[in-house]
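Q: I have a model open in front of me and would like to learn how to read it. Can we go through the salt bridges, the surface and the fold together?

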Amino acid sequence: EPRQFQHPRTMALQHYRGSLLGDTLNQAMQELREQGKLQDDGIEFINTSFDSVTSDALAGAGILLKDENAALAEWYSRTKINIKGHLNMFRGVDNVWTLLVTDAGLKVEPGNEPEIRLDILKIIAMQKQ
C-alpha cells in the first residue's frame with residue numbers, strides 16, 4: 001500500500017504518541033480494535049485529535065488563559081528548569097529539534113526539591129507556528 005504524504009507539522013506532532021499517555025491510549029485503542037469496537041479510521045481520527053490537543057495544551061496559552069488557572073499562569077511565568085549534562089546529539093529537521101543529553105541534572109527554580117539526575121534525557125522541541 002503506498003504511503004500518503006504527511007505535512008511536516010503533522011509528522012512533528014506525532015512524537016507525543018510515544019509518551020506514557022500516548023502509549024496508554026494506543027493500548028486501549030488496540031484492545032477496542034481486537035474486540036471489534038473500533039476500526040482503523042476511528043484510530044486515525046483519535047490519534048490526529050490526540051496530537052493536536054496535546055500540542056495545544058503543552059503550548060501553554062490555551063491552559064494559561066483560563067481564569068481558573070491563574071495560579072498555574074503565575075507559576076509558569078516565574079519558574080524555570082536548569083538542565084546540566086553532556087550534549088551527545090543535536091539534530092534539527094523541519095523546525096523540530098532533538099537533543100540527547102547524558103548524565104543530566106534537572107533543577108526547578110525557585111524550589112526546594114533536590115536536583116533530578118538522569119542517565120539520558122531526550123528533548124524534542126519544535127518551533128511554535
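A: Sure, and keep in mind that this is a predicted model. Let's start with a single side chain: E115 has a relative accessible area of 37%, so E115 is partly exposed.

Q: Which residues are joined with E115 into one network?

A: Salt bridges with shared partners tie D103, E115 and R117 into one network. E115 meets R117 in a salt bridge at 3.0 Å, N to O. R117 also pairs with D103, at 2.8 Å. That second pair links distant parts of the chain, with D103 in strand β2 and R117 in strand β3, 14 residues apart.

Q: How do I judge whether D103 and R117 are buried or exposed?

A: Buried is under 20% relative accessible area, exposed is over 50%, and partly exposed is in between. D103 comes out at 42%, so D103 is partly exposed. R117 has 45%, which puts R117 in the partly exposed class as well.

Q: How many salt bridges are there in the whole structure?

A: A search of the whole structure gives 3. Besides the pairs just described, R33 and D40 meet at 2.1 Å, N to O. R33 is partly exposed because its relative accessible area is 35%.

Q: What about nonpolar side chains on the surface, which residues form a patch there?

A: Look for L72, W75, Y76, I81, I83 and V108: together they make a nonpolar surface patch with about 550 Å² of accessible area. Two elements, α5 and β1, each give two or more residues to the patch. The largest share comes from α5, with 3 residues. I81 sits in strand β1, and at 51% relative accessible area I81 counts as exposed, because the cut-off is over 50%.

Q: Where does T79 lie, and is T79 buried or exposed?

A: T79 lies in the loop between α5 and β1. Its relative accessibility is 17%, so T79 counts as buried. Setting aside neighbours within four places in sequence, T79 is in contact with V108, E109 and P110.

Q: Now let's zoom out: what pattern does the chain follow along the sequence?

A: Reading along the sequence, you get α-α-α-α-α-β-β-β, that is, 5 helices and 3 strands. Of the 129 residues, 19% count as buried. The chain exposes about 9900 Å², and carbon and sulfur atoms supply 56% of that area.

Q: And what share of the contacts comes from residues 24 or more positions apart?

A: Among contacts with a separation of 6 or more, such residues account for 42%.

Methods
Residues are numbered from 1 along each chain as its sequence is written. This is a predicted model: local features need pLDDT of at least 70, side-chain atom pairs count only at pLDDT 80 or more; totals for chains, interfaces and linings use all residues. Side-chain values use heavy atoms; hydrogens and water are left out. Helices (H or I, at least four residues) and strands (E, at least two) are DSSP runs, numbered from the N terminus. Buried means under 20% relative accessible area, exposed over 50%, partly exposed in between (1.4 Å probe, protein chains only). Contact means heavy atoms within 4.5 Å. Accessible areas come from the Shrake-Rupley method with a 1.4 Å probe; for residues, only the protein chains shown count as cover. Patches are made of residues with over 30% relative accessible area and no salt bridge: like charges are joined within 9 Å, nonpolar side chains (Val, Leu, Ile, Met, Phe, Trp, Tyr) within 5 Å. A salt bridge is a side-chain nitrogen of Lys or Arg within 4 Å of a carboxyl oxygen of Asp or Glu.
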